[in-house]
Amino acid sequence: MSNQSADEAFDALGEPVRRRILELLAGGPTPVGKLAERLPVGRPAVSKHLRVLSSAGLIEHRTVGTRNLYALAPGGLAAVQQWLVQTWDTVLSAYAQEVSQRGRGPQ
């Protein structure tokens with residue numbers, strides 16, 4: 001996963017309504033109307049948020065009859081997870097090095 005993928009995902013996740021949409025989609029594929037019923041914004045705004053999430057690779061949609069169902073994209077958060085793990089590993093390594101140096105005392 002590239003840093004660009006992580007950047008796009010973090011940009012998309014920076015908006016609280018989009019995070020809430022992901023939480024709602026964790027329950028399974030959902031049409032836009034059902035999402036709009038549970039959000040503090042109208043259906044047109046929900047559709048815009050869905051486009052941003054889709055563009056970031058976090059969700060996907062499929063058409064069933066006349067309904068568009070939205071669902072979490074498999075692996076959609078992989079770039080975010082990879083970035084977090086890499087960053088956390090770097091921080092932990094620096095911390096371990098600092099603790100080790102302090103344990104040796106002044107030289």
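**A chat about pockets, pairs and the core**

Modeller: Ala-94 is found in helix α5, and since this is a predicted model, everything I say about that residue or any other is computed from the model.

Biologist: OK, is Ala-94 buried or exposed?

Modeller: Neither label fits, because Ala-94 has a relative accessibility of 46% and therefore counts as partly exposed, the buried class being under 20% and the exposed class over 50%.

Biologist: And how far is Ala-94 from Trp-83?

Modeller: The two residues are 11 apart along the chain, and their C-alpha atoms are separated by 17 Å.

Biologist: Staying with aromatics, how many aromatic pairs turn up in the whole structure?

Modeller: The search of the whole structure finds 1 aromatic pair, and that pair is made by Phe-10 and Trp-83, which meet edge-to-face with 5.1 Å from centre to centre and 75° between the planes.

Biologist: Which parts of the chain does that pair tie together?

Modeller: Phe-10 lies in helix α1, residues 3–13, and Trp-83 lies in helix α5, residues 78–104, so the pair ties together parts that are 73 residues apart in sequence.

Biologist: How accessible are Phe-10 and Trp-83?

Modeller: Phe-10 counts as partly exposed at 29% relative accessibility, and Trp-83 is also partly exposed, with a relative accessible area of 36%.

Biologist: Switching to charges, how many salt bridges are there?

Modeller: The count comes to 2 salt bridges. In one of them the side chains of Arg-20 and Glu-23 meet at 3.3 Å, N to O, and in another the side chains of Arg-102 and Glu-98 meet at 2.7 Å, N to O.

Biologist: Where do Arg-20 and Glu-23 lie?

Modeller: Both are in helix α2, residues 16–25, where they are 3 residues apart, about one turn of the helix. Arg-20 is partly exposed, with a relative accessible area of 31%.

Biologist: And what about the spacing of Arg-102 and Glu-98?

Modeller: They are 4 residues apart in helix α5, so about one helical turn separates them. Arg-102 is exposed, with a relative accessible area of 65%, whereas Glu-98 is partly exposed at 35%.

Biologist: Now the inside: which residues have the most contacts in the largest nonpolar core?

Modeller: That core has 20 residues, and those with the most contacts inside it are Ile-21, Leu-35, Val-46, Leu-50, Leu-58 and Ile-59. The elements that give two or more residues to the core are α1, α2, α3 (32–37) and α4, and the largest share, 5 residues, comes from α2.

Biologist: Why would such residues be gathered in one place?

Modeller: As a general tendency, nonpolar side chains in soluble globular proteins are buried together.

Biologist: Since α2 came up, is Val-17 buried or exposed?

Modeller: Val-17, whose place is in helix α2, is buried, with a relative accessible area of 11%. Its C-alpha atom is 8.1 Å from that of Pro-40, although the two are 23 residues apart in sequence.

Biologist: Let's talk pockets: how much space lies in the largest pocket?

Modeller: About 170 Å³ of space lies in the largest pocket. Its lining includes Pro-31, Val-32, Arg-43, Leu-50, His-61 and Tyr-70, and Leu-50 is also one of the residues with the most contacts inside the largest nonpolar core.

Biologist: Which elements supply at least two residues of that lining?

Modeller: Those are α4 (43–55) and β3 (67–72), and α4 gives the most, with 5 residues.

Biologist: How do the lining residues divide by type?

Modeller: They divide into 4 nonpolar, 5 polar and 3 charged residues, with Arg-43, Arg-51 and Arg-67 among the residues that line the pocket.

Biologist: Tyr-70 is in that lining, so is Tyr-70 itself buried or exposed?

Modeller: Tyr-70, whose place is in strand β3, counts as buried at 15% relative accessibility, because the buried class takes in values under 20%.

Biologist: Last one, how far is Tyr-70 from Gly-28?

Modeller: Tyr-70 and Gly-28 are 8.3 Å apart in space, C-alpha to C-alpha, while being 42 residues apart in sequence.

Terms used: Residues are numbered from 1 along each chain as its sequence is written. This is a predicted model: local features need pLDDT of at least 70, side-chain atom pairs count only at pLDDT 80 or more; totals for chains, interfaces and linings use all residues. Side-chain values use heavy atoms; hydrogens and water are left out. On a 1 Å grid over the protein atoms alone, a cavity is a set of points where a 1.4 Å probe fits but cannot get out, and a pocket is an open set with protein on both sides within 12 Å along at least five of seven lines; lining residues have an atom within 4 Å of a point. Grid points are joined across faces, edges and corners, and a volume is the space filled by probe spheres set on the points. Ala, Val, Leu, Ile, Met, Phe, Trp, Tyr, Cys and Pro count as nonpolar, Asp, Glu, Lys and Arg as charged, and the others, Gly among them, as polar. Rings of Phe, Tyr and Trp (its six-membered ring) pair if their centres lie within 6.5 Å; planes under 30 degrees apart count as stacked, over 60 as edge-to-face and the rest as tilted. Buried means under 20% relative accessible area, exposed over 50%, partly exposed in between (1.4 Å probe, protein chains only). A salt bridge is a side-chain nitrogen of Lys or Arg within 4 Å of a carboxyl oxygen of Asp or Glu. A nonpolar core is a set of buried Ala, Val, Leu, Ile, Met, Phe, Trp, Tyr and Cys residues joined through side-chain atoms within 4.5 Å.
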